[in-house]
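This report is addressed to a reader who meets this structure for the first time. Please look over the sequence and the model before reading on.

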Amino acid sequence: MRRVELPNDTIALARFLIGTVLVHDAPEGRVAGRIVETEAYLSHDPASHSFRGPTKRNASMFLGRGFAYVYRIYGTKLCLNVTSESPGIGAAVLLRALEPLEGVEIMQARREGAALRELARGPGRLTEALGVSADVDGADLCKRGTLWLAASLTSAGVIGRSTRIGLTKAAEDVLRFYERGNPYVSGPRWLSV
DNA sequence: CAACGGATCAGCT
DNA sequence: GCTGATCCGTTGG
C-alpha cells in the first residue's frame, strides 16, 4: 500500500479522504478500512473544538495537515480526526465511517461481534473497531507508523454532501461528505441520498 | 473548585 | 423515536 499526499484545504481534504484507506497495524494484526464518510471542521467554525483557540485538549488540531486529533465524547467514545491546513490554524476532518477491508475478525472481536455493516459505521464505532486509543493523538498519519493513511485501491464513487450530524452549533453548514450508495455510511437515510 | 455539556451509541418503546 | 451511561477539559464564580 502506498502512502498518501494530502491536500491542505480542509474541505478538499474531507472530499479527498473518501475512498482513502485507513490502516492500523495493531499488536493483534493489521486492521484496515476504506473511508466512506467525513465531516469538515473549519478554522473559525463555531462547531469546531478549535473555535476558541488552542487548549490542552485540542492542541493537535493546530499541528498542520496530516496528524491525528483524538478526543473523548460523551465520556464513553473516542473520535478520530485528520488535521488540516497549516501549523497554527485549528482545523480537522472527522472520520465518521469505514468500509472494512482487512482484519474483519479483529474488528468484530473489539466490537463484540457486531454485524459487518455496523462494525465501523459511526465515529465512535470506527475508533473502537480499529482499536484506536487516545495516545495516538498527535501522531503523523502520513508517515507509515502504527496508524496511517494509504492511497485508495479503488476510485471513490459519487460523493454526496449534507449537513453535519449531531451538532447544536452551525448545524446548517453543509460540511459532511459521503460516498453515495455505500451501505457503510452512518446517519439517517434521508441525509445520505 | 464545582458545574456543565458534548462531532455518540445501545437498548428499549 | 427517546433515554441513560459516563468522562474530563473548559468555563465561570
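In this predicted model, helix H3 is mostly covered, since six of its eight residues are buried. The buried residues are Pro123, Gly124, Leu126, Thr127, Ala129 and Leu130. These residues pack against several other elements, namely strand E1 (21–26), E2, E4, E5, helix H2 (104–110) and strand E6 (147–150). Just after H3, glycine 131 adopts a positive phi of about 80 degrees.

**The chain as a whole**

Chain A contains three helices and eight strands. Read along the sequence, these elements follow the pattern α-β-β-β-β-β-α-α-β-β-β. The radius of gyration of chain A is 15 Å, close to the 16 Å that the globule rule gives for 193 residues, so the chain is as compact as a globular protein of that length. The C-alpha trace spans about 40 × 35 × 35 Å along its principal axes.

Of the 193 residues of chain A, 51% count as buried. Among contacts in chain A with a separation of 6 or more, 60% are made by residues 24 or more positions apart. Chain A exposes about 8800 Å², and carbon and sulfur atoms supply 54% of that area.

**The surface near DNA strand B**

How many residues surround DNA strand B? There are 20, and the closest are Tyr71, Tyr74, Asn81, Arg111 and Arg125. Sugar and phosphate make up 52% of the atoms of DNA strand B that come within 4 Å of the protein. By class, the surface near DNA strand B consists of ten nonpolar, six polar and four charged residues.

Strand E3 (68–73), strand E4 (77–83), strand E5 (92–102) and helix H3 (123–130) each supply at least two residues of this surface. Which element gives the most to the surface near DNA strand B? That element is H3, with three residues. H3 is thus described twice in this report: six of its eight residues are buried, and H3 also contributes to the surface near DNA strand B.

The table below lists polar contacts between the protein and DNA strand B.

| Residue | Protein atom | Atom of DNA strand B | Distance |
|---|---|---|---|
| Tyrosine 71 | N or O atom in the side chain | base nitrogen | 2.9 Å |
| Asparagine 81 | N or O atom in the side chain | base nitrogen | 2.5 Å |
| Proline 123 | polar backbone atom | phosphate oxygen | 3.3 Å |

Proline 123 also appears among the buried residues of H3. Tyrosine 71 and asparagine 81, for their part, are listed among the residues closest to DNA strand B.

**Tyrosine 74 and alanine 170**

Most residues other than glycine have a negative phi. Tyrosine 74 has a positive phi, near 50 degrees. Tyrosine 74 is placed in the loop between E3 and E4 and is one of the residues closest to DNA strand B. Is tyrosine 74 buried or exposed? With 70% relative accessibility, tyrosine 74 counts as exposed, because the cut-off for that class is over 50%.

Alanine 170 likewise has a positive phi, near 50 degrees. Alanine 170 is found in the loop between strand E7 (159–162) and strand E8 (176–179). Alanine 170 is buried, with a relative accessible area of 13%.

**Aspartate 45**

Aspartate 45 sits in the loop between strand E2 (29–41) and E3. At 4% relative accessibility, aspartate 45 counts as buried, because it falls under 20%. A polar atom of the side chain of aspartate 45 lies 3.0 Å from the backbone nitrogen of alanine 47. Which residues does aspartate 45 contact, leaving aside its neighbours within four places in sequence? They are Ala40, Phe51, Arg164, Ala170 and Leu175. Alanine 170, described above for its positive phi, is thus one of the contacts of aspartate 45.

**Serine 86**

Serine 86 lies in the loop between E4 and E5. At 30% relative accessibility, serine 86 counts as partly exposed. Its C-alpha atom is separated by 6.2 Å from that of arginine 65, although the two residues are 21 residues apart along the chain. Not counting residues up to four places away in sequence, serine 86 touches Asn8 and Gly64.

Notes:
Residues numbered from 1 in each chain as written. Chains lettered and ligands numbered in written order. Heavy atoms only, no water. Near = heavy atom within 4 Å. Polar contact = N/O pair within 3.5 Å; in protein donor to acceptor, adjacent residues only side chain to side chain. Helix = DSSP H or I, 4+ residues; strand = E, 2+ residues; numbered from the N terminus. Nonpolar A, V, L, I, M, F, W, Y, C, P; charged D, E, K, R; others polar. Buried < 20%, exposed > 50% of the residue type's maximum accessible area, 1.4 Å probe, protein only. Contact = heavy atoms within 4.5 Å. Rg over C-alpha atoms; globule rule 2.2 N^0.38 Å. Areas by Shrake-Rupley, 256 points an atom, 1.4 Å probe, with all protein chains shown as cover.
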